[in-house]
Amino acid sequence: MCNFVNYYSLEIYSLMISVYKIGGNVINNPEELKKFLQDFSSIPGKKILVHGGGKEATELGKKTGLEAKMIDGRRVTDAETLKLVTMVYAGLINKRIVSMLQKYGCNAVGLTGADGNVIPAQRRNPSPIDFGYVGDINPENINTSFISLLLENGYVPVFCAICRNPEGGLLNCNADSIASAVAIACSNLEPTSLIYCFEKPGVLSDVEDDNSVIPLITPDMFNSLVESGKISGGMIPKVTNALKGVEAGIGSVRICSSKAISGKEGTTIQKERKQ
């Protein structure tokens, strides 16, 4: 029976693409990051990892006198901040993660959105808020042929949050948005799941209480949760992108702890309540 279950699980994994996004305090916590990458490496099938690193960029910026400016959980990126986040995301964090994955037997390839023209972006409209060198992504423009080439040959793409614009410049993109866009694009290739992993057990109705996980969020519930303050700050774009994803065809979206990437714990995002 055990062999059947294992075989069945491997068959399911082989028929889908799993997109994981890791961020939050996990990136800054060596032990939690190590545990996540070990677990991630052991997951069979085609998989993609997208990572953030905003906290580390903020800390390094403070040391160099560059204070972070945030609006609704999103970073305002001027020219100097763009240099900083490119060095931190595409360099330090990306290569640290790739090196650790190789140690655990996962043949990872570290990428920005500029590599292979895989994730083109457009600079965000400065009206009503000018976020500076920040990009927005259209899933239809993602180079799924390049992603498929890597996956079919056993490579695991690891994307940081730096993309390119049509003029050849770099843009800082929200890692949650990249994960959602990549998952939406990949859902046109094969059934795709999206898992957002961070230090909390899910979306919490009380950020001070880890036992207050909201098990399910639908579009109808989202606005009232924001208005009540139960969803705020950086969780707003995370849930917004998750909702866009399920509306656009992603099979499932889950927001969970980095320690629970193989289970069903956390918050499930779906289009509507199942009767």
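**Exercise 1. Which element gives the most to the lining of the largest cavity?**

A word on the input before we solve it: this is a predicted model, where local features need pLDDT of at least 70, side-chain atom pairs count only at pLDDT 80 or more, and totals for chains, interfaces and linings use all residues. Residues are numbered from 1 along each chain as its sequence is written, and side-chain values use heavy atoms, with hydrogens and water left out.

*Step 1.* Find the cavity. On a 1 Å grid over the protein atoms alone, a cavity is a set of points where a 1.4 Å probe fits but cannot get out, and lining residues have an atom within 4 Å of a point. Searching the whole structure turns up one cavity of 30 Å³ or more, and the largest holds about 30 Å³ of space. That volume is the space filled by probe spheres set on the points, which are joined across faces, edges and corners.

*Step 2.* List the lining: A57, T58, G61, L66, E67, A68, R75, T81 and L84.

*Step 3.* Assign elements (helices are DSSP runs of H or I, at least four residues; strands are runs of E, at least two; both are numbered from the N terminus). Two or more lining residues come from each of α3 (54-63) and α4 (79-103). The winner is α3, with three residues.

**Exercise 2. Check the length of helix α8 (residues 235-247).**

*Step 1.* The expected span is 1.5 Å times one less than the number of residues.

*Step 2.* For the 13 residues of α8 that should give 18 Å, and the end C-alpha atoms are 18 Å apart, so the two agree.

*Step 3.* Look just past the helix: G249 takes a positive phi of about 120° there.

**Exercise 3. Work out how C163 and C186 stand with respect to disulfides.**

*Step 1.* Apply the cut-off: a disulfide is a pair of cysteine sulfur atoms within 2.5 Å. The structure holds zero of them.

*Step 2.* C163 is in none, and its nearest cysteine sulfur, that of C173, sits 3.7 Å away. For C186, the closest cysteine sulfur is in C163, and at 14 Å that is too far for a bond.

*Step 3.* Check burial (buried is under 20% relative accessible area, exposed over 50%, partly exposed in between, with a 1.4 Å probe and protein chains only). C163 is buried at 0%, and C186 counts as buried at 0% too.

Terms used
1 Å grid on protein atoms, 1.4 Å probe; cavity = no way out; pocket = protein on both sides within 12 Å on 5 of 7 lines; lining within 4 Å.
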